[in-house]
Amino acid sequence: MHARFYHPAEISAGQLIELSDANQHHAAQVLRLKKGDAVTLFNGQGGEFSAHIDLVRKSGTTVLIGAYHDIDRESPLFIELAQAICVNEKMDWIIQKAVELGVTHIQPVSTARSIVHLSGERASKRQQHWQKIVVSACEQCGRNQVPVVSPLMTLPQWLSQKKADKSPHDLRFMLSPTAAQSLHDIAKPAANANVSLVTGPEGGFTAEEEAAILHSGFIPIRLGKRILRTESAALAAIAAIQTLWGDF
């Protein structure tokens with residue numbers, strides 16, 4: 001696969017596009033691309049464009065857009081991950097790998113036992129950081145649609161929103177090491193179903209939070225007999241969901 005670059009604007013065949021500063025640095029300084037080298041551009045609206053490097057200079061790198069290719073690498077499942085925020089490196093890892101595994105939407109939530117506490121400008125900057133990780137993951141894994149990282153919510157705020165958005169076809173899972181059911185016990189969702197997955201922080205959910213999540217229509221699910229860390233649990237569950245019902 002050629003080097004891929006995200007360009008969040010309209011793209012058309014024959015167009016000359018100046019790469020962003022970050023992409024220009026990656027193309028010229030990291031990948032050492034030269035004039036004539038093939039690359040791929042996508043704008044997150046589906047499909048991708050073949051292109052080649054037209055000009056490399058210190059002030060910027062220009063690419064010439066070629067043909068459009070209607071390539072879809074999305075999972076047939078719409079998977080939302082509500083991840084309790086955790087320490088920076090773990091959260092970055094979860095978001096990057098969740099995108100590679102095919103998650104459609106990421107909702108960071110703050111919980112009673114969250115070690116990290118974000119609000120205001122810090123929360124906004126962290127959301128922007130997470131969105132950049134999503135874009136980078138899409139460039140790497142070949143996705144042509146870019147999942148959205150929503151603004152940070154408290155768990156009660158998110159659950160209130162989920163109650164309002166309830167659809168009879170939706171599947172909602174809460175990961176819990178004490179749950180009686182596993183994913184093998186769940187019937188295959190309808191073709192138009194949305195799958196929501198909520199995962200706790202390093203210390204897990206409190207009993208009150210678990211009760212609120214269950215009251216919002218979530219099914220408690222265990223992942224084997226072992227207790228997984230927060231940076232492993234969601235990713236293992238997503239992979240299992242894709243294996244059972246998605247495109248694995």
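**Exercise 1. Cysteine 141**

Task: In this predicted model, find which cysteine sulfur is closest to the sulfur of cysteine 141, and decide why the two are or are not bonded.

Solution.
Step 1. The closest cysteine sulfur to that of cysteine 141 belongs to cysteine 138, at 5.4 Å.
Step 2. A disulfide requires the two sulfur atoms to lie within 2.5 Å.
Step 3. The distance of 5.4 Å is therefore too far for a bond. Seen from cysteine 138, the closest cysteine sulfur is that of cysteine 141, again at 5.4 Å and too far for a bond.
Step 4. A search of the whole structure gives zero disulfides.

**Exercise 2. Surroundings of the two cysteines**

Task: State whether cysteine 138 is buried or exposed, and classify cysteine 141 by its relative accessible area.

Solution.
Step 1. Buried means under 20% relative accessible area, and exposed means over 50%.
Step 2. Cysteine 138 has a relative accessible area of 0%, so this residue is buried.
Step 3. Cysteine 141 has 24%, so this residue is partly exposed.

**Exercise 3. The sheet**

Task: Give the strand order of the open sheet and explain why β1 and β2 each have one side without a neighbour.

Solution.
Step 1. The open sheet has five strands in the order β1-β3-β4-β5-β2, and the pairing is mixed.
Step 2. β1 (3–6) and β2 (16–18) are at the edges and have a single partner strand each, so one side of each has no neighbour in the sheet.
Step 3. From one strand to the next, the twist averages 40°.
Step 4. For β1, the pairing with β3 (residues 38–42) is parallel and has four bridges. Within β3, threonine 40 is the bridge partner of arginine 4.
Step 5. Helix α1 (residues 21–30) packs on the sheet and touches β1, β4 (48–57) and β5 (60–69), with its direction at about 165° to that of β1. Helix α3 (residues 120–141) also packs on the sheet; α3 touches β1 and β3, and its direction makes about 145° with that of β1.

**Exercise 4. Two helix pairs**

Task: Describe how α4 packs with α5 and how α2 packs with α6.

Solution.
Step 1. Two packed helices are described by the angle between their axes and the distance between the axes.
Step 2. The axes of α4 (residues 155–164) and α5 (residues 207–215) come within 10 Å and cross at roughly 10°. Angles under 35 degrees count as roughly parallel, and α4 and α5 are therefore roughly parallel to each other.
Step 3. On α4 the contact is made by Leu155, Leu159 and Lys163, and on α5 by Glu209, Ala212, Ile213 and His215. These residues divide into four nonpolar, one polar and two charged.
Step 4. The axes of α2 and α6 (residues 230–245) are 9 Å apart, at an angle of about 5°. That makes α2 roughly parallel to α6.
Step 5. Lys90, Trp93, Ile94, Lys97, Ala98 and Leu101 of α2 meet Thr230, Glu231, Leu235, Ile238, Ala239 and Gln242 of α6. Here the division is seven nonpolar, two polar and three charged.

**Exercise 5. Threonine 104**

Task: Locate threonine 104 in the chain and list the residues that it touches.

Solution.
Step 1. Threonine 104 is in the loop between α2 (88–101) and β7 (105–110).
Step 2. Its relative accessible area is 22%, so threonine 104 is partly exposed.
Step 3. Leaving aside residues up to four places away in sequence, threonine 104 touches Leu77, Phe78, Ile79, Arg143, Pro147 and Val148.
Step 4. Between threonine 104 and valine 87 the separation is 17 residues in sequence and 22 Å in space, C-alpha to C-alpha.

Technical notes:
Residues are numbered from 1 along each chain as its sequence is written. This is a predicted model: local features need pLDDT of at least 70, side-chain atom pairs count only at pLDDT 80 or more; totals for chains, interfaces and linings use all residues. Side-chain values use heavy atoms; hydrogens and water are left out. Two strands pair if DSSP finds at least two bridges between them. Axes are lines fitted to C-alpha atoms, for helices over the stretch in contact, and angles run from 0 to 180 degrees between N-to-C directions. Contact means heavy atoms within 4.5 Å. Buried means under 20% relative accessible area, exposed over 50%, partly exposed in between (1.4 Å probe, protein chains only). Angles under 35 degrees count as roughly parallel, over 145 as roughly antiparallel, 65 to 115 as roughly perpendicular and the rest as oblique. Ala, Val, Leu, Ile, Met, Phe, Trp, Tyr, Cys and Pro count as nonpolar, Asp, Glu, Lys and Arg as charged, and the others, Gly among them, as polar.
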